[in-house]
Amino acid sequence: QVQLVESGGGLVQPGGSLRLSCAASGSIFSIYAMGWYRQAPGKQRELVAAITSGGSTNYADSVKGRFTISRDNAKNTVYLQMNSLKPEDTAVYYCNVGVVAGYLSGNYWGQGTQVTVSS
């Protein structure tokens, strides 16, 4: 099996920071793309940031300059550093990871972690 475990969400004041982590485990041969999505109440899930196996990144316009995605290939972990948080960043954040794992190859979602930005 392939499992993703997210951590790092919580309540933070506007202007504050949080760091999300997502660790993949299981019979994984390799990981290609890793990304973070978010879904606010009443809205569709949207891509926040993604990073390829080579380290290329892309970000949603709304988070450019504030969020940074990174990955530790040795730990099969992807991070999202979120700075200068705004109330509109409030959402459930999900990691998505594409793995090569034999017959289990494919894209997997984390369980989601709540991020609330409020004073």
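**Exercise 1. Locate S84 and state its backbone and exposure class.**

Step 1. S84 belongs to the loop between β8 and β9, strands being DSSP runs of E with at least two residues, numbered from the N terminus.

Step 2. This is a predicted model, in which local features need pLDDT of at least 70 and side-chain atom pairs count only at pLDDT 80 or more, while totals for chains, interfaces and linings use all residues. Residues are numbered from 1 along each chain as its sequence is written, and side-chain values use heavy atoms, with hydrogens and water left out.

Step 3. Although S84 is not a glycine, its phi is positive, about 50°. Most residues other than glycine have a negative phi.

Step 4. With a relative accessible area of 41%, S84 is partly exposed; buried means under 20%, exposed over 50%, and partly exposed in between (1.4 Å probe, protein chains only).

**Exercise 2. Apply the procedure to N76.**

Step 1. N76 sits in the loop between β7 and β8.

Step 2. The phi of N76 is positive, near 50°, in a residue other than glycine.

Step 3. The relative accessible area of N76 is 23%, so N76 is partly exposed.

**Exercise 3. Determine whether S21 is buried or exposed, and list its contacts.**

Step 1. S21 is part of strand β3.

Step 2. S21 counts as buried because its relative accessibility is 17%.

Step 3. Not counting residues up to four places away in sequence, S21 touches V5, E6, S7, W36, V78 and Y79, where contact means heavy atoms within 4.5 Å.

**Exercise 4. Assign the faces of β1 and describe its pairing with β3.**

Step 1. In a regular strand the side chains alternate between the two faces of the sheet.

Step 2. V2, L4 and E6 form the covered face of β1, and Q3, V5 and S7 the uncovered one.

Step 3. β1 and β3 run antiparallel and are joined by 6 bridges; two strands pair if DSSP finds at least two bridges between them.

Step 4. Q3 has S25 in β3 as its bridge partner.

**Exercise 5. Characterise the largest nonpolar core.**

Step 1. A nonpolar core is a set of buried Ala, Val, Leu, Ile, Met, Phe, Trp, Tyr and Cys residues joined through side-chain atoms within 4.5 Å.

Step 2. The largest core has 31 residues, of which W36, V48, F67, V78, L80, M82 and Y93 touch the most other members. β9 gives the most to this core, with 5 residues.

Step 3. Beyond four places in sequence, the contacts of F67 include V48, L80, M82 and Y93.

How values were computed
Helices (H or I, at least four residues) and strands (E, at least two) are DSSP runs, numbered from the N terminus.
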